[in-house]
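Q: Please take a close look at one part of this model, and describe how that part is built and how it sits in the whole.

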Amino acid sequence: MPGIKDVIIGLDTSSSPLVAVVERGGKKYASRRKGVKQERLLFPVLKQLLTRAGADLTHTAKVAIIRGPGRFTGIRISLTFASMLKYLSGAKVYGITVFEAVRLQVAASKRFLTWKAQNPAGSLAVVWHAFREEYFLQIFNAQSEAPQWLSREELLARLAARKEPLFVAGADKEHTPLETLLEGRYTLADFKDCIVRPETLVAVAQNDAYQKDALEPLYLKPARFELLGK
């Protein structure tokens, strides 16, 4: 029915590929599109998904977004879109970082649960490629540590310096597995658990805890700035 707000939209425009999902009535319609020009991809993709769901933007009740880290422009696209729907139609906005999304997926996996039972003092490290030879890192343990932006050398040194066992999840360049980067030094997550899933975005929109700071971007890396000389 027109005017009924019963649609959830989930977006990850922080890097390529763009991930979009529309959920309505328990059914999910999702798309994953490669390319860094998310501003050109977003609305055609959403229109297609909303059409499949028999809805339009006026039906949106909730929007879940990845708020970083990643491409500066990419992050702004999701933030701007979510802000628009919040202030124009009253949609509720939910936000989560890439680190948190990967953590949610990996923490529920059989591989991690088995590893954690064997390594109760171990930590989960989420590594995400940023740009060229730069990476983002966040380590989750009893007291989750602040996310970092590091050169490749700094990342490897930071991980090697940890005294506790590490279970590592994330993605390398071009959204590829971390095996080559880490050369078998750590227990790695299944790669299928390391890429943000549409269903994870829908789940975020059903957890009120993610409304806090939902529109606060996590950039870590300033636009057009590199770790020169490292």
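A: A convenient part to examine is helix α5 (residues 152–160), in which Leu155, Leu156 and Leu159 are buried. These residues cover an arc of only 95 degrees around the axis, which puts them on the same side of α5. An α-helix has 3.6 residues a turn, so residues three or four places apart point the same way. The buried residues of α5 pack against the strands β6 (123–131), β7 (134–140), β8 (148–151) and β9 (166–171), and also against helix α6 (179–182). The model is a predicted one, and what follows should be read with that in mind.

Two of the strands just named lead on to the nonpolar interior. The largest nonpolar core has 33 residues, and those with the most contacts inside it are Ile66, Val102, Val106, Leu124, Trp128, Phe167 and Ala169. Helix α3 (residues 98–107) gives the largest share of this core, namely five residues. A second, separate core of 26 residues includes Leu49, Ala53, Ala55 and Tyr219. In soluble globular proteins, nonpolar side chains tend to be buried together. Phe167 shows in detail what one such position touches: leaving aside its neighbours within four places in sequence, Phe167 is in contact with Val106, Arg111, Phe112, Trp115, Ser123, Leu124, Ala125, Thr187, Leu188 and Ala189.

Helix α1 (residues 38–52) can be set beside α5. At 1.5 Å a residue, the 15 residues of α1 should span 21 Å, and its end C-alpha atoms are 21 Å apart, which agrees. Within α1, the residues Gln38, Leu42, Val45, Leu46, Leu49 and Leu50 are buried. They cover an arc of only 130 degrees around the axis, which puts them on the same side of α1, whereas the face turned away from that buried side carries the exposed residues Arg40, Lys47 and Thr51. The buried residues of α1 pack against β1, β2, β3 (27–33) and α2 (72–89), and just after α1, Gly54 takes a positive phi of about 70 degrees.

Strand β1 (residues 7–12), one of the elements against which α1 packs, has six of its six residues buried, so β1 is largely enclosed by the rest of the structure. Both faces of β1 are covered, with Val7, Ile9 and Leu11 buried on one side and Ile8, Gly10 and Asp12 buried on the other. Six bridges join β1 to strand β2 (residues 18–24), and these two strands run antiparallel; they form a hairpin with five residues between them, and Asp12 stands opposite Val19 in β2. With strand β4 (residues 60–66), β1 pairs in the parallel sense over five bridges, and the bridge partner of Leu11 in β4 is Ile65.

Seen as a whole, the protein chain has a secondary structure of seven helices and ten strands. Its radius of gyration is 18 Å, close to the 17 Å that the globule rule gives for 230 residues, so the chain is as compact as a globular protein of that length. The C-alpha trace spans about 55 × 40 × 30 Å along its principal axes, and 49% of the 230 residues count as buried. Among the contacts in the protein chain with a separation of 6 or more, residues 24 or more positions apart account for 65%.

Notes:
Residues numbered from 1 in each chain as written. Predicted model: local features only at pLDDT ≥ 70, side-chain atom pairs only at ≥ 80, totals over all residues. Heavy atoms only, no water. Core = buried A, V, L, I, M, F, W, Y, C linked by side-chain atoms within 4.5 Å. Buried < 20%, exposed > 50% of the residue type's maximum accessible area, 1.4 Å probe, protein only. Helix = DSSP H or I, 4+ residues; strand = E, 2+ residues; numbered from the N terminus. Contact = heavy atoms within 4.5 Å. Pairing = 2+ DSSP bridges. Expected span 1.5 Å × (residues − 1). Arc of directions from axis to C-beta. Rg over C-alpha atoms; globule rule 2.2 N^0.38 Å.
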